[in-house]
Amino acid sequence: MDKIIIEGGKTQLKGEVIIEGAKNAVLPLLAATILPTEGQTVLKNVPILSDVFTMNNVVRGLDVTVHFNEAENEVTVDARGDILDVAPYEYVSKMRASIVVLGPILARNGHAKVSMPGGCTIGSRPIDLHLKGLEAMGAKIEQTGGDITATADRLKGANIYMDFPSVGATQNLMMAATLAEGTTTIENAAREPEIVDLANLLNKMGASVTGAGTENLTIIGVDKMHGAEHSVVQDRIEAGTFMVAAAMTNGDVLIKDAVWEHNRPLISKLREMGVEVTEEEAGIRVVSNLDHLKPVTVKTMPHPGFPTDMQAQFTALMAVVSGESTMIETVFENRFQHLEEMRRMGLNSEILRDTARIHGGLPLQGAQVMSTDLRASAALILTGMVAEGTTIVGKLTHLDRGYYKFHEKLAQLGANIRRVNGDS
Ligand code: EPU
């Protein structure tokens, strides 16, 4: 098992960093490639991540041709001809996000069988909103033996109100509705940039989706869809992670091609802390002086609120800013496990239900720690850069799901960091 080893304490990140296409955008985009019965779909700016390989395999498992040209960051999908309708446990258990194939398979085939995703370290993550929405569109849903079976000769447009703006449910229902008979409206829909990216691809494929990026989506069903070419939106969470890394290390970093609009909630909190964040033609520049930063209170919310996927990294920043900061996590019920690991590095924090109080300030000490989920692994690596001495971060399978060459990018910015095989 690989490990990342960081010699921390004096790190000051400087320079430029390039951001990949967004993991959380490309996974539903790959699910959408199942929909067209004519032509091929070409996705560009595809990040090389283990989750992308898993989703490629889910789509391949439906008897669809998928070619990943890694040198060009390009995936070509040919879903013409008959496709299968089963997404097996083998893949769904590996990656919860594979549940987004349920809507497109059902819409295209009239029948879909997808394994029920299991629990997850950050929260219980039910899929009731996905299933209720499909039922409202006329699908008959059965759950037996750990599988969800959905059947509908042809889905029918419906008015759907979501109790919570779930990202995955919005994506699943949006894709299902593209081939339904009639018009579907989704109220209280998720508004994340990844939803807009999916709507853009669907429209290029001949669908009619309006309102993406607002809380009301309208999808007018069409009879068939065709392949299209699309470039995946930049990863706002990877960009945000490097913004926080610069802020923690008295850095001066240009995050190239990062989209200002997508990172607004994070930028607003960084500025409130005293970090200098400016928009340049080439991207977003972050300049920081830790001595001048002050503690803040942050509450995670669905977009355009502060993203839960930046919570762990932001608590790492809170840990080095003198004074008491507060982080309230409202999206997932168990997403503070990194704080327990950071305690091993000397962090003083208390967690009461959804609220963490962080008594920040250096010094912190390097330690051997374990990633508990994807964003936690990034947070621990960032903390390792500012902690005195050596930090060893294990269980990198989480990191590889969502960050491409994370240690190399940090090393290029000046961090003393390397990745080694567990045996060395
Ligand atoms: N929820 C329900 N019922 C549902 C669906 C969701 O109660 O049917 C609840 C969940 O339990 C959770 C909340 O709603 O408490 C938010 O879940 P959502 O469905 O919005 O999340 P998701 O689609 O499963 C995506 C990202 C996550 C990100 C969340 C929230 C992908 C592949 N994953 O998950 O990304 O945290 O939205 O923004 O897009 C990550 O990248 O580290 C990550 C976990």
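These are my notebook entries on a few places I looked up in this structure, which is a predicted model.

**Entry 1: the four-stranded sheet**

I began with an open sheet of four strands, and I traced its order as β18-β19-β21-β20, with mixed pairing. Which strands stand at the edges? I found β18 (297-299) and β20 (348-352) there; each has a single partner strand, so one side of each is left without a neighbour in the sheet. From one strand to the next, the twist averages 15°.

Next I looked at how β18 is held. It runs parallel to β19 (residues 323-328), and three bridges join the two. For one residue pair, I noted that lysine 299 has isoleucine 328 in β19 as its bridge partner. I also saw helix α10 (residues 311-320) packing on this sheet, where it touches β18, β19 and β21 (355-360). The direction of α10 makes about 170° with that of β19.

**Entry 2: the loop between β18 and α10**

I stayed in this area and picked threonine 308, which lies in the loop between β18 and α10. Is threonine 308 buried or exposed? Its relative accessible area is 10%, and since buried means under 20%, threonine 308 counts as buried. Leaving out residues up to four places away in sequence, I listed its contacts as Thr300, Glu329, Val331, Phe332 and Arg335.

**Entry 3: Lys23 and Asn24**

Then I checked the UniProt record. Its unreviewed entry lists Lys23 and Asn24 under "binding site". I located lysine 23 in helix α1 (residues 23-32), and asparagine 24 sits in helix α1 too.

I compared how accessible they are. Lysine 23 is buried, at 7% relative accessible area, whereas asparagine 24 is partly exposed, at 26%. Their side chains make a polar contact with each other, at 2.8 Å.

What does lysine 23 touch, not counting residues up to four places away in sequence? I wrote down Pro47, Leu49, Asp51, Asp235, Leu374, Arg375, Arg401 and Gly402. With the neighbours within four places in sequence left aside, asparagine 24 is in contact with Gln171, Glu194, Asp309 and Arg375. So Arg375 turned up on both of my contact lists.

**Entry 4: helix α12**

Arg375 sent me to helix α12 (residues 374-386). How many of its residues are buried? I got 13 of the 13, so the helix is largely enclosed by the rest of the structure. At the start of α12, I saw a side-chain oxygen of aspartate 373 reaching to within 3.1 Å of the backbone nitrogen of arginine 375.

**Entry 5: β3 and the loop after it**

I moved on to strand β3 (residues 40-44), which runs antiparallel to β5 (residues 74-78), with four bridges joining them. In that pairing, valine 42 stands opposite threonine 76 in β5. β3 is also joined to β14 (residues 229-231), by three bridges, and those two run parallel. There, lysine 44 has serine 231 in β14 as its bridge partner.

Following the chain on, I came to asparagine 45, in the loop between β3 and α2 (50-60). Asparagine 45 is partly exposed, at 23% relative accessibility. How far is its C-alpha atom from that of valine 232? I noted 5.4 Å, although the two residues are 187 residues apart along the chain. Val232 is among the residues that asparagine 45 touches, together with Glu20, Gly21, Asn73, Ser231, Val233 and Gln234, not counting residues up to four places away in sequence. With glutamine 234 there is a polar contact between side chains, at 2.6 Å.

**Entry 6: a helix pair**

I took a look at α8 (residues 236-248) and α9 (residues 264-273), whose axes are 11 Å apart and which pack at an angle of about 10°. α8 and α9 are therefore roughly parallel to each other. On the α8 side, the contact is made by Gly240, Met243, Val244 and Ala247, and on the α9 side by Leu266, Ile267 and Leu270.

**Entry 7: Cys120**

Last, I went back to UniProt, where the unreviewed entry lists Cys120 for "active site". I found cysteine 120 in the loop between β7 (111-115) and α5 (128-136). Its relative accessible area of 28% makes it partly exposed. Not counting residues up to four places away in sequence, cysteine 120 touches Arg96 and Arg125.

Key
Residues numbered from 1 in each chain as written. Predicted model: local features only at pLDDT ≥ 70, side-chain atom pairs only at ≥ 80, totals over all residues. Heavy atoms only, no water. Pairing = 2+ DSSP bridges. Axes fitted to C-alpha atoms, helices over the stretch in contact; angles between N-to-C directions. Contact = heavy atoms within 4.5 Å. UniProt positions renumbered as here; feature names shortened; annotations may be inferred. Buried < 20%, exposed > 50% of the residue type's maximum accessible area, 1.4 Å probe, protein only. Polar contact = N/O pair within 3.5 Å; in protein donor to acceptor, adjacent residues only side chain to side chain. Parallel < 35°, antiparallel > 145°, perpendicular 65-115°, else oblique.
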